[in-house]
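Trainee: I should be grateful for a close look at a single part of this structure, taken step by step.

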Amino acid sequence: MTTTKCPCGSGILMRDCCGAILDGRTKAETAEAMMRARYTAHVVGDFDFVANTHAAEVKKTYNKSAAQAQAETMQWVGLEIMETVEGGAGDDEGVVTFGARFMQDGVLNMHRERSNFRRENGVWVYVDGKINPQIEPRRIEKVGRNAPCPCGSGKKYKKCCGA
């Protein structure tokens, strides 16, 4: 664990990243850091950490044995943070949207989730999440050839970026 890169994709050594959060040397400062640590806990099989970082009302329903059994059939291969809303060091609530890739039965899959976190007694905890959240569609407005260029050059689009 000491010389390997952190599974969360930060590019930092495990011992200096999520490893420090998992073994209690430091606390997750943000909701995203907690999300990354929970992902790493799944990768390394630290289901006590996963269980202990649920909100109080979620702890009652978490089935650690089922999570461990499911983990034995899959291999996590990567994490992508798609969006973080609030959840900073000065916030008490935050939302993290992520995609976690995993292999199962030789097939690469992606678990997408929009997770809600909140701070309880100074510690970020997972509250709930929506799997496969709808992402706002990207809207593209068509620019007419003789319209002012949207880049702000003051030229017509056809003489600027549309050339």
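Mentor: What follows is an account of the annotated domain, its sheet and its aromatic rings, with a closing remark on the cysteines.

The model is a predicted one. The UniProt record, an unreviewed entry, places the feature "domain: YchJ-like middle NTF2-like" at residues 30–129. Over this stretch the chain is 32% helix and 46% strand, and the C-alpha atoms at its ends are 17 Å apart.

Let us begin with the strands. Four of them form an open sheet in the order β1-β2-β3-β4, and the pairing is antiparallel. At the edges stand β1 (74–86) and β4 (123–131), each of which pairs on one side only. From one strand to the next, the twist averages 30°. Eight bridges join β3 (residues 107–120) to β4 in the antiparallel sense. Within this pairing, arginine 119 has tryptophan 124 of β4 as its bridge partner.

A helix accompanies the sheet. Helix α2, residues 31–44, lies across β1, β2 (93–104), β3 and β4. Relative to β1, helix α2 runs at about 170°.

The aromatic side chains come next. A pair of aromatic rings is described by the distance of the centres and the angle of the planes. A search of the whole structure finds three such pairs. In one of them, the ring centres of phenylalanine 117 and tyrosine 126 are 5.8 Å apart and the planes meet at 75°; because an angle over 60 degrees counts as edge-to-face, the pair is assigned to that class. Phenylalanine 117 has a relative accessibility of 3% and therefore counts as buried, the limit being under 20%. Tyrosine 126, at 15%, counts as buried by this criterion too. Elsewhere, Tyr39, Trp76 and Phe102 form one aromatic cluster.

Finally, the cysteines deserve a careful reading. A disulfide is a covalent bond between the sulfur atoms of two cysteines. The search of the whole structure finds zero disulfides. For cysteine 6, the closest cysteine sulfur is that of cysteine 18, at 3.5 Å; this is too far for a bond, because the sulfur atoms would have to lie within 2.5 Å. Cysteine 6 is buried, with a relative accessible area of 5%. Cysteine 151 is likewise in no disulfide, and the nearest cysteine sulfur, in cysteine 149, is 3.5 Å away. With a relative accessible area of 48%, however, cysteine 151 is partly exposed.

How values were computed: Residues numbered from 1 in each chain as written. Predicted model: local features only at pLDDT ≥ 70, side-chain atom pairs only at ≥ 80, totals over all residues. Heavy atoms only, no water. UniProt positions renumbered as here; feature names shortened; annotations may be inferred. Helix = DSSP H or I, 4+ residues; strand = E, 2+ residues; numbered from the N terminus. Phe/Tyr/Trp six-rings, centres within 6.5 Å; stacked < 30°, edge-to-face > 60°. Buried < 20%, exposed > 50% of the residue type's maximum accessible area, 1.4 Å probe, protein only. Pairing = 2+ DSSP bridges. Axes fitted to C-alpha atoms, helices over the stretch in contact; angles between N-to-C directions. Contact = heavy atoms within 4.5 Å.
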